[in-house]
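Me: Could you take a close look at one helix in this structure and tell me which of its residues are hidden, what hides them, and what comes after it? I am in my first year, so please go slowly and then link what you find to other parts of the chain.

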Amino acid sequence: MQPHTVYLDMANWIALAEGHVDSTPFEKAIADTYIVPVLGLPHLLELASNANTGGRKLVASYMDSVDQLASIKWIKHYWDVIRREAISCFKEMFGGNWEPPVTFFRSFHETMPDADRATIMTVGEGMPRSISEMVDILVDLNEFREYRTDCLDYPDLRQRIVSIRSARGAAKRFTDIELRTWLAELLPERVDMSFGPVEIQDDMRKKFVESVDISKCPAFRANWAFHEGSNLDHATATQSDIPDLWHLTGVAYCDLAFADKRTIEALRKGNYDKMPTGNSGFKGWAQSLGPVG
């Protein structure tokens with residue numbers, strides 16, 4: 001029996017690390033291979049953003065201790081997962097076979113896009129192994145500064161999107177053709193099929209837009225449900241929306257995921273069909289793991 005994948009947001013990891021929630025049942029469930037926690041780049045970026053060095057190190061060290069119980073699974077960054085979803089749909093449409101996109105990996109480094117492997121998280125001649133070390137290194141990397149800029153810019157971006165849509169009198173909900181068109185834009189120029197590489201021609205992209213089944217793209221749908229829910233809400237966007245948005249890959253692909261009230265409300269208004277559990281229920285869930293084993 002495969003362990004259940006569990007995606008916690010930072011509030012839950014902090015609660016465990018700081019002792020606000022009894023971590024014993026959670027850790028026993030991991031050691032008994034009943035559950036396996038999942039981490040991704042957004043967790044590392046959020047930790048690196050914590051100005052409280054002591055708090056940052058405490059949480060990262062706790063994650064390392066959990067990883068020693070049984071290896072944590074790592075999930076790819078959501079943009080890369082969405083791109084993989086698009087390619088999987090293309091391969092099925094023009095090759096006949098559906099192959100789910102690979103999203104989980106044994107280490108953080110395996111989750112990075114190929115172009116970044118030689119640059120991000122590089123320390124001398126080797127790669128850092130512990131979560132604590134990776135978080136400390138992130139603080140000084142360009143990738144982290146770009147993330148901080150994205151967070152700062154997001155409220156203005158959200159305001160512009162809402163204003164443009166309102167000014168043109170457009171329906172606030174995205175149409176299926178809009179979603180399929182955006183998904184098609186993520187396709188590369190060439191896809192490696194089972195029978196060899198295929199250059200994607202305009203007529204192929206057109207067919208893709210006309211008939212791709214976006215129900216097979218849960219991370220893509222979660223992403224746009226979040227945006228759509230925000231459009232319908234008109235609540236003031238915040239810098240924390242970026243990490244919440246990036247955590248949605250875990251919501252889409254893990255057996256159980258926890259998220260804050262704001263994220264859940266955006267997904268609900270965006271009509272997403274796989275809702276995460278609210279953080280208010282995390283303590284009760286963690287304690288319910290007690291009888292495992």
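Reply: In helix α13, which runs over residues 261-269 of this predicted model, the buried residues are T263, I264, A266 and L267. Around the helix axis they span an arc of only 160 degrees, which means that they lie on the same side of α13. The general background is that an α-helix has 3.6 residues a turn, so residues three or four places apart point the same way.

The cover over these buried residues of α13 includes three helices, α10 (218-233), α11 (241-246) and α12 (248-253), and it also includes the strands β7 (256-259) and β8 (277-278).

After α13 comes N271, which has a positive phi near 60 degrees even though N271 is not a glycine. N271 sits in the loop between α13 and β8, so this loop joins the helix to one of the strands that cover its buried residues. With a relative accessibility of 55%, N271 counts as exposed, because the cut-off for that word is over 50%.

A residue that can be set beside N271 is T33, which is likewise not a glycine and has a positive phi of about 55 degrees. T33 is placed in the loop between α2 (24-31) and β2 (35-40), and its relative accessible area of 48% makes T33 partly exposed.

The one-sided pattern of α13 can also be followed in helix α9 (residues 202-211), where M204, F208 and V209 are buried. Looking down the axis of α9, one finds these buried residues within an arc of 135 degrees, and therefore they line one face of the helix. The face turned away from that buried side carries the exposed residues D202, D203 and K206. Among the elements that cover the buried residues of α9 are α5, α8 (176-184) and β6 (196-199).

Strand β6 contains V198, which counts as buried because its relative accessibility is 14%. Leaving out residues up to four places away in sequence, V198 touches E189, R190, V191, M193 and M204, and M204 is one of the buried residues of α9.

Helix α5 (residues 78-95), which is also part of the cover over α9, gives the most to the largest nonpolar core, with seven residues. That core has 86 residues, and the members that touch the most others are W13, F26, I131, L183 and W285. If neighbours within four places in sequence are left aside, the contacts of F26 include W13, L16, Y62, V66 and W285.

Several of these contacts of F26 return where two helices meet, for M10, W13, I14, L16 and A17 in α1 are in contact with L58, V59, Y62, M63 and V66 in α4. By class, this contact has 10 nonpolar, no polar and no charged residues. Helices α1 (residues 10-17) and α4 (residues 53-69) pack at an angle of about 85 degrees, with their axes 9 Å apart, which makes α1 roughly perpendicular to α4.

Helix α4 also packs against α6 (residues 131-138), at an angle of about 145 degrees and with the axes 8 Å apart. There, R56, K57, A60, S61, M63 and D64 in α4 meet I131, S132, V135 and D136 in α6, and by class the contact has four nonpolar, two polar and four charged residues.

Notes
Residues numbered from 1 in each chain as written. Predicted model: local features only at pLDDT ≥ 70, side-chain atom pairs only at ≥ 80, totals over all residues. Heavy atoms only, no water. Axes fitted to C-alpha atoms, helices over the stretch in contact; angles between N-to-C directions. Helix = DSSP H or I, 4+ residues; strand = E, 2+ residues; numbered from the N terminus. Parallel < 35°, antiparallel > 145°, perpendicular 65-115°, else oblique. Contact = heavy atoms within 4.5 Å. Nonpolar A, V, L, I, M, F, W, Y, C, P; charged D, E, K, R; others polar. Core = buried A, V, L, I, M, F, W, Y, C linked by side-chain atoms within 4.5 Å. Buried < 20%, exposed > 50% of the residue type's maximum accessible area, 1.4 Å probe, protein only. Arc of directions from axis to C-beta.
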